[in-house]
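Work through the exercises below with the model open. Try each task before reading its solution.

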Protein chains: 2
Amino acid sequence: MPVLDDPEEFEALAACPEPLLLGVRERKDPQDLAEGATYGYDRFGMLPDELAALAKRVAGTHHRIVLYHAMVGSQLDDSAFFIRELQESLAGFVSLRSLAPAMDYFDFGGGVPTSAYSLGFSFDYAGFVADLQRMVMAACDAAGLPHPHLVGEFGRYTVADHGVHIFRLGRVKQGQAGAPPWYLLDGSLMVALPDILIVSGQQFICLALNHHDAEAGPVVLGGRRTCDSDDFYPRPGDPPLILPLVGPQAPAEPLLIAFFGTGAYQAMLAGEGGAHHCLAPEAPKVVIEERGGELVTTVIPEQPPEDVLSELGYEVDW
Amino acid sequence: MPVLDDPEEFEALAACPEPLLLGVRERKDPQDLAEGATYGYDRFGMLPDELAALAKRVAGTHHRIVLYHAMVGSQLDDSAFFIRELQESLAGFVSLRSLAPAMDYFDFGGGVPTSAYSLGFSFDYAGFVADLQRMVMAACDAAGLPHPHLVGEFGRYTVADHGVHIFRLGRVKQGQAGAPPWYLLDGSLMVALPDILIVSGQQFICLALNHHDAEAGPVVLGGRRTCDSDDFYPRPGDPPLILPLVGPQAPAEPLLIAFFGTGAYQAMLAGEGGAHHCLAPEAPKVVIEERGGELVTTVIPEQPPEDVLSELGYEVDW
């Protein structure tokens, strides 16, 4: 089902001989922006006047608007705020319904937070869904409308905790006086986890997978497959990262450091399969899937240098 | 020539039967960090004690240290600061020279700024080089040392202005009351120019290539090949972007908007040739090279969907 972001988009579809089921996207109102919604959300969707005009235009064709797409935000861990925002969207749905009587889906959009970024995270998912249903029911009952089907878009919630990135500690370097030691990793943080640079304050759950008997203390991770002075974590101002302290030389059994919750966005923002910063190769991947009730494991080796060079236009023959 | 970042790296090379010419990298001192140098620079190189110990170790082998690599920073547009930092590095060179008498290259590293990010940029390149030469000469004369060869690493300076990214305006959307209109581009800003998100305050020279007769005013660009609320420019707090105002509908002759100075880092940070955010394809490329005195133009078409899907592990057969 195409969800229209702009009245103009309908004109590209209007001539389709088959009747189309369409969605329409709302545009955030100035109040939302005043409340600190990310400015970039303003570019999506249509204002109430545009929605009404489009609904009238569509009503004169053999196509139908069946879905209203709310635009509320991302990673909304304040359930009360999330519900208040959706109440405004629901008012838009109710108001448009008289002009689009076939509209029986309320798509509350994204925003459901993932628990994958913090061990202490809590969000009452069941409570949120119950509140959402009650609110939709009440608003539609008050307007004498049937209860719409609910649709949600659970991207980050669904995939963030399906990815783990494991780094091997290659070398320990003493920090300057008073500063934690550098843990130099055989990989690149900014290639594997671009959100550490892109999203201010982005945290990942980062844990050691071995050496749990060692004393623990603050460290700073550096990605030594690039020469970039920004290839480190945690970022300035972030809370310290506590990991086992393994001494100035990397131990014979290398420390393995896992970043959890990396399944949303990271590989695609890095340009999956492409040539990366400082020619850092992509790490080997272990893909674990359920097929017919069995867990099937596939290993994809480290990105070979031939691949990297061919992405850059070199013909490799060695 | 390998430039050693760590004493341990020499041990991997020491057994090489051929005599090696080696460089050594200095580590920024605590004072540099106190002066606001990017914290991430601290992870590179060796402290004076480590350099001295390594020089003694190398002197007992058939290998030679011939280059001292200073670590000063990036895009240093304050020439006086740049020279002061290099003076400290030069003191390190002079001090190490007694233990590494074959060391006759002073690599002042990166830091030479590019003029490609701002039309009003000024930096006295010739004056900087003259000051650098005078300073090196004076310091070496005072220490009774021969004048070393100078090496610089001119990455950003060399390539930033060799790339231009041209966007086509696809659609104009009115901004909220008091806000500039949205210019929605047939492309993605965050895929093409990742530094707009990665480097706080990063500016590019952005100019219209046509419609110069139209009235001009502030606009905000949105990249509509992704659905990301961060795919816009200029960023909050940046100066406004002034471009020709072409009305609510994109004109019949589309407005073309060029970003200059995109030749450094942008394609590699995005993952050149890979699958990108929201499956946004890479734009067509026009490569202009000089070959035998002639300008030769090569056109590389837009990244085809088959390429994007195959990077993600799909076998495409259509």
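**Exercise 1. Locate A:P234 and describe the peptide bond before it.**

Solution. A:P234 falls in the loop between strand 10 (232-233) and strand 11 (241-244) of chain A. Strands here are DSSP runs of E with at least two residues, helices are runs of H or I with at least four, and both are numbered from the N terminus. Next, take the bond: A:Y233 and A:P234 are joined by a cis peptide bond, with omega about 0 degrees. Then turn to chain B: the bond from B:Y233 to B:P234 is cis, with omega near 0 degrees. Most peptide bonds are trans.

A note on the model: it is predicted, local features need pLDDT of at least 70, side-chain atom pairs count only at pLDDT 80 or more, and totals for chains, interfaces and linings use all residues. Residues are numbered from 1 along each chain as its sequence is written, chains are lettered from A and ligands numbered from 1 in the order in which they are written, and side-chain values use heavy atoms, without hydrogens and water.

**Exercise 2. Which ring does the charged end of B:R235 sit over?**

Solution. The ring is that of B:F232, and the distance to its centre is 4.3 Å. The criterion: NZ of Lys or CZ of Arg within 6 Å of the ring centre and within 35 degrees of the ring normal. In chain A, A:R235 lies over the face of A:F232, at 4.3 Å from the ring centre.

**Exercise 3. Classify the aromatic pair of B:F108 and B:F154.**

Solution. Start with the rule: rings of Phe, Tyr and Trp (its six-membered ring) pair if their centres lie within 6.5 Å; planes under 30 degrees apart are stacked, over 60 edge-to-face, the rest tilted. The whole structure holds 36 aromatic pairs over all chains. For B:F108 and B:F154, the centres are 6.0 Å apart and the planes 80 degrees, so the pair is edge-to-face. The two residues are 46 apart in the chain. B:F108 is in strand 4 (residues 105-109) of chain B, and B:F154 is in the loop between strand 5 (149-152) and helix 6 (155-159) of chain B. B:F108 is buried at 6% relative accessible area; B:F154 is partly exposed at 35%. Buried means under 20%, exposed over 50%, partly exposed in between (1.4 Å probe, protein chains only).

**Exercise 4. What is the phi of A:H211, and where does A:H211 lie?**

Solution. A:H211 has a positive phi of about 55 degrees, although it is not a glycine. A:H211 lies in the loop between strand 8 (205-208) and strand 9 (216-223) of chain A.
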